Amino acid sequence: MPAAIKKGDTVQVLTGKEKGKKGRVLSVHPSENKVTVEKINVVKKHMKPSRQHQQGGIVERENPLHISNVMLVCPKCQARTRSGVLATEDAGKRLRVCKKCKEVID
Ligand SMILES: [Zn+2]
């Protein structure tokens, strides 16, 4: 498994046409190893008029990215990090720790 990425994390895109952009994780899809990132990989969808969208028209939404195409950004030092996972003595609880500044990300 790649390093865990959670909802609310900031990630940077590593590949593709949006390489280098940063965004906030809106949702995580563990079964597909994908994450949806705010304002990244936005696609326009044409909607037919329906009860919710009476005018129809174009709706923008984010397409999920594969988790291997993004990297967690440390909220403390802004370094991109493959977050290390350390077990603390405290009941074996696993925490994500930035390898650069040693800050606990969780
Ligand atoms: Zn850091």
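Which residue takes a positive phi in the hairpin of S7 and S8? That residue is glutamine 78, with a phi near 65°, in a hairpin that has six residues between the strands. Strands here are DSSP runs of E with at least two residues, numbered from the N terminus.

Before going on, a word on the model. It is predicted, so to speak of a local feature takes a pLDDT of at least 70 and side-chain atom pairs count only at pLDDT 80 or more, while totals for chains, interfaces and linings use all residues. Residues are numbered from 1 along each chain as its sequence is written, and side-chain values use heavy atoms, with hydrogens and water left out.

## Strands around S7

Strand S7 (residues 70–73) runs antiparallel to strand S1 (residues 10–13), and three bridges join the two. Strands count as paired if DSSP finds at least two bridges between them. Within this pairing, glutamine 12 has methionine 71 of S7 as its bridge partner. S7 is also joined by two bridges to strand S8 (residues 80–81), again in an antiparallel arrangement. There, valine 73 stands opposite arginine 80.

## The zinc site

The zinc ion has four cysteine SG atoms as its protein donors, from Cys74, Cys77, Cys98 and Cys101, lying 2.3 Å from it. Donors are N, O and S atoms within 2.8 Å of the metal (3.2 Å for Na, K and Ca); water is not among the atoms, so sites may look incomplete. Along the chain the donors follow the spacing C-x2-C-x20-C-x2-C. The angles among the four donor atoms are 107 to 113°, and the site is tetrahedral, a label for four donors with all angles between 85 and 135 degrees. For reference, the ideal angle for four tetrahedral donors is 109.5 degrees.

Cysteine 74 is buried at 0% relative accessible area, whereas cysteine 77 is partly exposed at 28%. Buried means under 20% relative accessible area, exposed over 50%, and partly exposed in between, with a 1.4 Å probe and protein chains only.

## Salt bridges

The whole structure holds four salt bridges, each a side-chain nitrogen of Lys or Arg within 4 Å of a carboxyl oxygen of Asp or Glu. Among them are these three:

| Acidic residue | Basic residue | N to O distance |
|---|---|---|
| Glutamate 18 | Lysine 21 | 2.8 Å |
| Glutamate 38 | Arginine 24 | 3.4 Å |
| Glutamate 60 | Lysine 44 | 3.4 Å |

Glutamate 60 sits in strand S5 (residues 57–62) and lysine 44 in strand S4, so this pair links parts of the chain 16 residues apart. Both glutamate 60 and lysine 44 are exposed.

Glutamate 38 forms its bridge with arginine 24. Because glutamate 38 lies in the loop between strand S3 (34–37) and strand S4 (42–47) and arginine 24 in strand S2 (residues 22–29), the pair ties together parts 14 residues apart in sequence. Glutamate 38 is partly exposed at 28% relative accessibility, and arginine 24 is partly exposed at 40%.

In the remaining pair of the table, glutamate 18 is buried at 11%, while lysine 21 is partly exposed at 42%.

## Asparagine 41 and the core

The loop between S3 and S4 also holds asparagine 41. Its C-alpha atom is separated by 7.2 Å from that of glutamate 18, 23 residues away along the chain. Beyond its neighbours within four places in sequence, asparagine 41 has contacts (heavy atoms within 4.5 Å) that include Lys17, Glu18, Arg61 and Leu65.Leu65 also belongs to the largest nonpolar core, which has ten residues, including Ile5, Val11, Val35 and Ile67. S1 and S3 are the elements that give two or more residues to this core. A nonpolar core is a set of buried Ala, Val, Leu, Ile, Met, Phe, Trp, Tyr and Cys residues joined through side-chain atoms within 4.5 Å.

Conventions: Helices (H or I, at least four residues) and strands (E, at least two) are DSSP runs, numbered from the N terminus. Four donors count as tetrahedral if all angles lie between 85 and 135 degrees; four count as square planar and six as octahedral if opposite donors are over 155 degrees apart and all others between 65 and 115; anything else is irregular.
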